[in-house]
Amino acid sequence: MSGPCTASFSLAPLGAVILAAQAIQEARAMGAEYEAVLAQARVREQQRLARRQERQAAQADRLAALQAQVESLERRVLRLASLLEQTPDLPLPPRGAAMEAWAAHVRQLEARLQGLEARVAASAGKAVRQALEAVGDSPDLDAILALYLARRQVERGEAEQAAWQATLERVLARLELPAGKALPARLEALAREVILAETPARAELLANELRLQVHRLAQDQAAARADAVLAASWRAQLPDEAPASLAALLGEVAAGLGRLDEATRRQVEELLAAASAEQARQEAKAASIVLEQSLKDLGYQVDEVSETLFMEGGILHFQRPGWEGYHVRLRANVKEKTFNFNVVRARQESAAEEEGAVRKRLDFIAEERWCAEFPRLLDTLAARGLKLEVTRRLEAGELPVQAVAPESLPHFEAGEQARPQAAPRAMDLPGKS
């Protein structure tokens with residue numbers, strides 16, 4: 001084994017040290033066994049996460065159903081307005097997850113659609129009505145073009161129309177449209193202009209514009225997919241207290257129904273940064289509880305562990321009854337995320353006592369004794385979410401035991417019990433009701 005050693009520390013898996021600290025506090029307060037209380041805490045945490053996921057899933061399902069209905073109604077309004085050669089006037093959809101707002105938006109679109117259907121029924125010819133019925137709620141490119149062709153079939157030869165239809169299909173095939181997804185309104189309108197162009201030259205000019213628009217839309221689609229991935233990741237990280245409207249907005253973007261604007265990006269980044277800082281603070285507090293109680297559970301007498309040990313660093317001393325003047329000094333380096341352990345003792349008054357063979361032998365025994373116990377401490381801490389990995393170690397006796405001023409070491413009463421008799425002060429920890 002080794003003498004002085006350095007170990008890097010990490011709080012993993014995420015949240016495990018907080019659960020361990022909660023169980024320690026509850027076990028102290030109730031006089032119960034730690035392992036039993038920890039098992040109950042884990043069950044409660046799993047139930048809490050499951051309830052949160054169920055609420056999010058139910059809200060997402062309700063919102064998705066309304067938004068799918070909105071998309072279907074908007075496609076039908078756009079097609080009918082195009083038939084009547086009108087500029088479509090669609091109401092802006094609401095933002096956020098207010099179901100009442102989305103339901104009201106559906107009613108607006110239904111009213112708009114009923115008016116357009118009445119006008120088409122009164123003015124459209126038989127061929128147009130048949131083509132419109134063929135398009136249905138989920139048009140593909142062939143059905144859309146068939147609708148346009150029906151209006152001009154008598155004016156143009158079928159061969160010319162078929163040639164332009166093939167050109168449009170090749171251009172529009174570059175788009176990645178999900179099954180049942182309507183062609184974007186601006187491209188649908190441009191495709192209609194190509195079909196209805198008065199001259200081949202005009203049709204070719206419009207086809208070139210269509211190619212450019214398709215290229216730009218493909219770029220937009222790639223950016224939207226990146227936004228969707230990011231929004232899904234952010235939504236999963238949002239704390240419970242995050243605004244419901246923000247979670248709903250991220251859900252829309254993750255589903256491909258919107259984009260992330262700069263204001264939303266800043267809001268989410270600030271919120272997640274604050275949540276991450278608070279999580280780190282709570283985990284640092286919990287880690288202090290775990291470290292102190294773990295040492296006491298192993299039978300050590302311990303200085304009171306500062307709640308800021310894992311945030312600001314510091315020094316901690318502990319010893320076992322019977323070690324006499326020897327202690328283990330733990331020095332926490334937060335920047336490097338390391339603990340440095342070494343055996344120390346109170347400095348003797350005379351040089352003879354400091355340098356004698358007996359003193360050196362006692363120093364060696366003290367280091368050997370601590371090194372034999374160190375692995376058990378590592379295992380106990382790891383089981384409670386505080387993992388240490390030894391990065392540097394020296395053999396016992398390789399360096400002299402450090403002699404320090406007596407007043408820098410704690411004084412434990414003779415026979416003092418390692419386990420506390422009273423419950424410690426309460427600490428607010430996330431997830432504890």
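Start with helices H9 and H10 of this predicted model, selecting residues 244-254 for H9 and residues 262-297 for H10. Viewed as a pair, their axes lie 12 Å apart and make an angle of about 120°, and because angles of 65 to 115 degrees count as roughly perpendicular and those over 145 as roughly antiparallel, H9 and H10 are classed as oblique to each other. The crossing in which H9 passes H10 is left-handed. To see what joins the two helices, show the side chains of Leu246, Leu249 and Leu250 on H9 together with Thr264, Gln267, Val268 and Leu271 on H10, which make the contact; sorted by class, this contact holds five nonpolar and two polar residues, and no charged ones.

Stay on H9 and colour its buried residues, which are Leu246, Ala247, Ala248, Leu249, Leu250, Glu252 and Val253. Then step past the end of the helix to Gly256, which follows H9 and has a positive phi, near 80°.

Next, select the largest nonpolar core, a set of 40 residues in which Leu291, Phe310, Phe318, Phe339, Phe341, Trp370 and Leu388 touch the most other members. Helix H10, already on display, supplies the largest share of this core, with seven residues. Apart from this core lies another one, of 13 residues, which includes Leu63, Leu66, Leu109 and Leu113.

Centre now on Leu388: which residues does Leu388 touch, not counting those up to four places away in sequence? Its partners are Ala7, Ser8 and Phe9, together with Phe339, Phe341, Leu378 and Leu381.

Move on to helix H13, residues 357-383, and pick out Ala366 within it. Is Ala366 buried or exposed? Its relative accessible area is 3%, and since buried means under 20%, Ala366 counts as buried. Leaving aside neighbours within four places in sequence, Ala366 is in contact with Tyr326 and Val343. A distance drawn between the C-alpha atoms of Ala366 and Arg345 should read 9.6 Å, for two residues that are 21 apart along the chain.

Finish at helix H2, residues 34-83, where Glu74 is found. With a relative accessibility of 19%, Glu74 also counts as buried, because the limit for that term is under 20%. Once neighbours within four places in sequence are set aside, the contacts of Glu74 are Leu90, His105 and Leu109, and Leu109 can be recognised from the earlier stop as one of the members of the 13-residue core.

Technical notes. Residues numbered from 1 in each chain as written. Predicted model: local features only at pLDDT ≥ 70, side-chain atom pairs only at ≥ 80, totals over all residues. Heavy atoms only, no water. Buried < 20%, exposed > 50% of the residue type's maximum accessible area, 1.4 Å probe, protein only. Helix = DSSP H or I, 4+ residues; strand = E, 2+ residues; numbered from the N terminus. Core = buried A, V, L, I, M, F, W, Y, C linked by side-chain atoms within 4.5 Å. Contact = heavy atoms within 4.5 Å. Axes fitted to C-alpha atoms, helices over the stretch in contact; angles between N-to-C directions. Parallel < 35°, antiparallel > 145°, perpendicular 65-115°, else oblique. Left-handed = near helix turned anticlockwise from the far one by under 90°. Nonpolar A, V, L, I, M, F, W, Y, C, P; charged D, E, K, R; others polar.
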